[in-house]
Amino acid sequence: MPGLPAQGDNLDTMRQRNLSKVLGFVHRGSRVPRSELTRAIGLNRSTVGDLVGELVDLRLVVETVPNDHHRVGRPSWIVSPHPGVVALAVNPEVEGVTVGVVGFDGVVRRRMRRETTRAPRPEEVVAMVIAMIDELRPELATYLRTVGIGVALPGLVRESDGAIPLASHFGWVDVPLGKMLADATGLSVHVANNARLGADAERLFGAGRGASDLIFLNGGPSGIGAGVIAGGIPLTGTSGYAGEFGHTLVNNAGDRCQCGAFGCLETEVNQSSLFGVLGLPPATEIDDLDRALTLSESSAVAAEVERQLGFLAIVLRNAVNVLNPELIVLGGFLGALFAAAPERLVFLVAERALGASVEQVEIVRSELGANLLMVGAAELAFASLIDDPAGVTSPF
Ligand SMILES: [Zn+2]
C-alpha cells in the first residue's frame, strides 16, 4: 500500500528502538543485572534476553556471572558496556587542545594535551587533533571500535552540523569545525557547547546522577558556560545556544565583555583575576588552584574570593528563581571558588532568592573534575551509537 511502510520495516524499527533502549540503559548503568534490565525496559524476559544477545553479537555489551554469587538458584547475569568500544573526545581551549579516549562505560582511558601560547585558529585545532590521533593510533588499534569524535567547545555551537557561529574567546566567526574535523579524520564528528556537555556528564556519571532539574555552571579559561536540564531534558533553546549565564548582567557599572555588553558575570567572575591575586601562572590546573586557595592567608585573596562569590550569587539567585532547580553543580574554577567558602555562597544565594525555591536547591561541586569535558564530549559520539546500535562502524 503506498505511503505505508512494509510490516518488516515496522518490526525493524521497533527492534532498533528496543536495542537502543537496552544499550542506553547498560551504558548509563555500567553494570546492570539482567533482571533489573528486564524491569526497567518493560519487556518480557526472553525478549530482553534476545536483545542482549544481539548486542553481545554486535560486541557492544558483555555478559558476566557476578563474582559474589553464592546463593542457590540461577544467578542474574550482569550486562556491561563492552570494554573494546571507545570514542574520541576533543576539547579546544584558548590555551591548549585536549584529546581523550573514553570507554563506553564512561571511564576516561587516556587524556592528552597540547598547550598553545594564544587562542588557536580552527586549522591549528584540526592539525593538533590529527597529530594527537596519530600518536594514539597504536592504542586505538587495541580497541574493537572507535565510534566517532565528540567535541566540547566553549562557544556558540549549531549542533545540527557542528558549525560555530561565534566563539568570541577564540575570535572565530562562522567556522564549520565539525565538517573540517570529519573531512580530516574520516570519523563522524559531533560538536556541542562545552558546558552543555558538562551538564550531561555530571548528570549521567557525576554529582547530578538521578537529578532531573539541574543547572551546571562551568568556569574555564574561556569564561563561564552553563547547561540546564529541565524536567530531565536538556534545555537547548531554538538553535542550541541556551544557558549563557556567563553573559547575564551582574554589574551595571562593570567592564566591557568579549560579547560586547557591559558587566556580564564572566567580566567579574573569572579565573584570571583569581590566578592573578594568588600569583599563579595562566595554565594552572584546578587541583593547584584548590591547593593555593586552601593555603592562602592573604587578605587580598580572601577579598577577591568574597567579591567573586557575591557576583556568582546574583546569577545563582536569578537561576533559582527562574528555573527552580533541585541541584546546582559548579565545575572548573567555579568549583574551586565554591570549595574555598561553601557556606558563604550558600548563604548569599539563600539570603536573596525566593524562599520556597531556595529551600529545595542544593549547591555542589562537580565530581568529574579534569575528566568532565572528556566524558561529556564522548557522550555525543556514544549517543549516535545508542540511537542505532547496528549502524555505526569504525575505520580503526
Ligand atoms: Zn558578555
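The following exchange concerns a predicted model, taking up the meeting of two domains and then a single threonine.

Biologist: How is the chain divided, and which residues make up domain 3?

Modeller: The domain assignment gives domain 1 as 7-81, while domain 2 joins 85-197 with 373-387. Domain 3 is assigned residues 207-367.

Biologist: What area is buried between domain 2 and domain 3?

Modeller: The centres of domain 2 and domain 3, taken over C-alpha atoms, are 25 Å apart, and 17 residues of domain 2 are in contact with 15 residues of domain 3. Of the area that domain 2 buries against domain 3, Leu-156, His-169 and Ala-195 supply 36%, more than any other three residues. Carbon and sulfur atoms give 54% of the area buried between the two domains, which is about 1,400 Å².

Biologist: How many residue pairs are in polar contact between domain 2 and domain 3?

Modeller: The side of domain 2 that touches domain 3 divides into eight nonpolar, four polar and five charged residues. Between the two domains the count of salt bridges is zero, whereas the residue pairs in polar contact, with both residues at pLDDT 80 or more, number four.

Biologist: Is Thr-38 buried or exposed?

Modeller: Thr-38 has its place in helix H2, residues 34-41, and a polar atom of the Thr-38 side chain lies 2.9 Å from the backbone oxygen of Arg-34. Leaving aside neighbours within four places in sequence, Thr-38 is in contact with Leu-43, Asn-44, Arg-45 and Val-48. Because the relative accessibility of Thr-38 is 15%, and the cut-off is under 20%, Thr-38 counts as buried.

Note on methods
Residues numbered from 1 in each chain as written. Predicted model: local features only at pLDDT ≥ 70, side-chain atom pairs only at ≥ 80, totals over all residues. Heavy atoms only, no water. Domains from an automatic or database assignment. Contact = heavy atoms within 4.5 Å. Buried area = accessible area lost by both parts, 1.4 Å probe. Salt bridge = Lys/Arg side-chain N within 4 Å of Asp/Glu carboxyl O. Polar contact = N/O pair within 3.5 Å; in protein donor to acceptor, adjacent residues only side chain to side chain. Nonpolar A, V, L, I, M, F, W, Y, C, P; charged D, E, K, R; others polar. Helix = DSSP H or I, 4+ residues; strand = E, 2+ residues; numbered from the N terminus. Buried < 20%, exposed > 50% of the residue type's maximum accessible area, 1.4 Å probe, protein only.
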